Amino acid sequence: MAATTPASTSTQTSASNQDTLYDVAILGSGPAGYTAAIRGGQLGLKVALIEAEKVLGGTCLHVGCIPTKALLFNAEIWDHLKHAAEYGIAGIGTPQLDWSAVLARKTAIVNKHTKGLEFLMKKNKVTVVPGFGRLTGPAKDGIHTVELTAADGTKSQLKAKNLILATGSEARTLFGLKPDDRILTNIEILDIPQPPKSLIVIGAGAVGVEFGSIFASFGTEVTLVEFLPRAIPVEDEDLSKELTRLFKKRGIDMNTSCKVESIEKTETGVKVKWTTAAGKLIEKEAEKVLVAVGRAPRTRGINIESTKIETDRGFIKVNEAQLTAEPGIYAIGDIVLGLPQLAHVGSMSGIVAVSAIAGRHYRPVRRDRIPSCTYTDPQVGSAGLTEAQAKEKGYEIKVGKFPFAGNSKATIVDAHDGFVKIIADAKYGEILGVHIIGPQATELIAEAVAVMELEGTIDELMFTIHAHPTLSEAMLDAYAAVEGEAINA
């Protein structure tokens, strides 16, 4: 975890915690937990936020979303500097990469937002309770008791009318390997002393392709190995094909439908063996290996078995209010069965849970309205049904596709690759899915989510004015492309 000042926000002693009855106690301070805590405070609830680490923010802030995207921005700037002369910037000479400064900037961003969280806890009167929280069984007389273990092993108890489990997830590994300076997870790779000369990434989901993109920009020889038939397998197939094409264009070695057979250290690096779909055994050595094969729910050790909470492979089952089978205990974020492990999903599920506890209006998390974003070069953003999913559900569909090559702003920012793809219901014109690969796709997808929430139709959107010149005009042309009437293609 990044070096930061330990959280000291509104903390209470063990004795005072034992004398306090909270409306809700939240186990875990990642995006799901801290969002629930803030909203709970806003709604007038007495909230305790329990965190075993020294800092608030969880995986996302310290070893996930935030530091990774900071590195991706550095990579983008670095790529632009390679072509500075084309933009009329002279006198730079040959740019030199100061990796220590890159890491320092990343850490500074994390520290800034860690302090921001501490401030938000004070502002919303949330009590931050250091320690590891463990369930003690069902509520007694409507009161839940959490066993707290402090860093020094001291035990105490905390009581609350409701509990929210927000314990997050952790990186899966292969073959029982332990991460070190050569076999890396998303944690270790964020603090490596220099970009490696070569890197094998096992897994081509969002984490794998993002780190592959980062280090390819910084000159690393990158190899991606994916078990499934395509990269970013949860996305529309056309996006997978385009990302693969563009990654190969960048010199990234893409390998799909491959089963990793072994990972072993050598004198100078790490050797990986994998079998292709055709049964051919491939052997390749690199300076480092990143294991990016998904994340496991962090639900062990919190004594779920002492309750009626139902699980599936460690994931917790909940209803539309995020309530588990145990009265008064809710679960949010990465530990919830069926929810994608995304920070923004965790945040919204936290808002839903605490709103339900406060007796306030809420809308359940709609799993077909969740934006998925991958911050590679080029970026990927999607929401709703893929073309294949829409067909599987029996929709008669129309598909519109507009290339960024026809967008003026894309030319201005020198990012011509990619496209916007719209899936629409053929009968009513309602937008069923939007899939973007190209410049600022992770920003543009917000329009698609809003459109689908409001059940927008092609007839309406074709007449929705978009400013010129903007990347968002690609959305307008894509809507029109559904009817074969895109202006700029």
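This report describes a parallel sheet, a helix pair, a hairpin and a pocket in a predicted model.

Residues are numbered from 1 along each chain as its sequence is written, and side-chain values use heavy atoms, with hydrogens and water left out. In this predicted model, local features need pLDDT of at least 70 and side-chain atom pairs count only at pLDDT 80 or more, whereas totals for chains, interfaces and linings use all residues.

**Sheet and hairpin**

Helices (H or I, at least four residues) and strands (E, at least two) are DSSP runs numbered from the N terminus. Two strands pair if DSSP finds at least two bridges between them. An open sheet of 5 strands has the order 8-15-9-10-11, with parallel pairing. Its edge strands, each pairing on one side only, are strand 8 (183-184) and strand 11 (253-255). Within this sheet, Val201 stands opposite Leu290 of strand 15. Strands 12 and 13 form a hairpin with 4 residues between them, and Ser262 has Lys273 in strand 13 as its bridge partner. The table sets out two strand pairings.

| Strands | Residues | Sense | Bridges |
|---|---|---|---|
| Strand 9 and strand 15 | 198-202 and 288-291 | parallel | 4 bridges |
| Strand 12 and strand 13 | 259-265 and 270-275 | antiparallel | 6 bridges |

**Helices 4 and 6**

Axes are lines fitted to C-alpha atoms, for helices over the stretch in contact, and angles run from 0 to 180 degrees between N-to-C directions. Helix 6 (residues 206-217) lies across strand 9, strand 10 (221-225) and strand 15, and runs at about 165 degrees to strand 10. Helix 4 (residues 65-82) packs with helix 6 at an angle of about 35 degrees, their axes being 9 Å apart. The contact (heavy atoms within 4.5 Å) includes Leu71, Leu72 and Trp78 of helix 4 and Phe211 and Ile214 of helix 6. Its residues divide into 6 nonpolar, 3 polar and 4 charged; here Ala, Val, Leu, Ile, Met, Phe, Trp, Tyr, Cys and Pro count as nonpolar, Asp, Glu, Lys and Arg as charged, and the others, Gly among them, as polar.

**The second largest pocket**

On a 1 Å grid over the protein atoms alone, where a 1.4 Å probe fits, a pocket is an open set of points with protein on both sides within 12 Å along at least five of seven lines, and lining residues have an atom within 4 Å of a point. The second largest pocket has a volume (the space filled by probe spheres set on the points, which are joined across faces, edges and corners) of about 410 Å³. Of its 18 lining residues, Met348, Val365, Arg366, Arg369 and Glu453 are the closest to the centre. Helix 8 (343-357) and helix 11 (441-453) each supply at least two lining residues, and the largest share, 6 residues, comes from helix 8. By class, the lining has 10 nonpolar, 3 polar and 5 charged residues.
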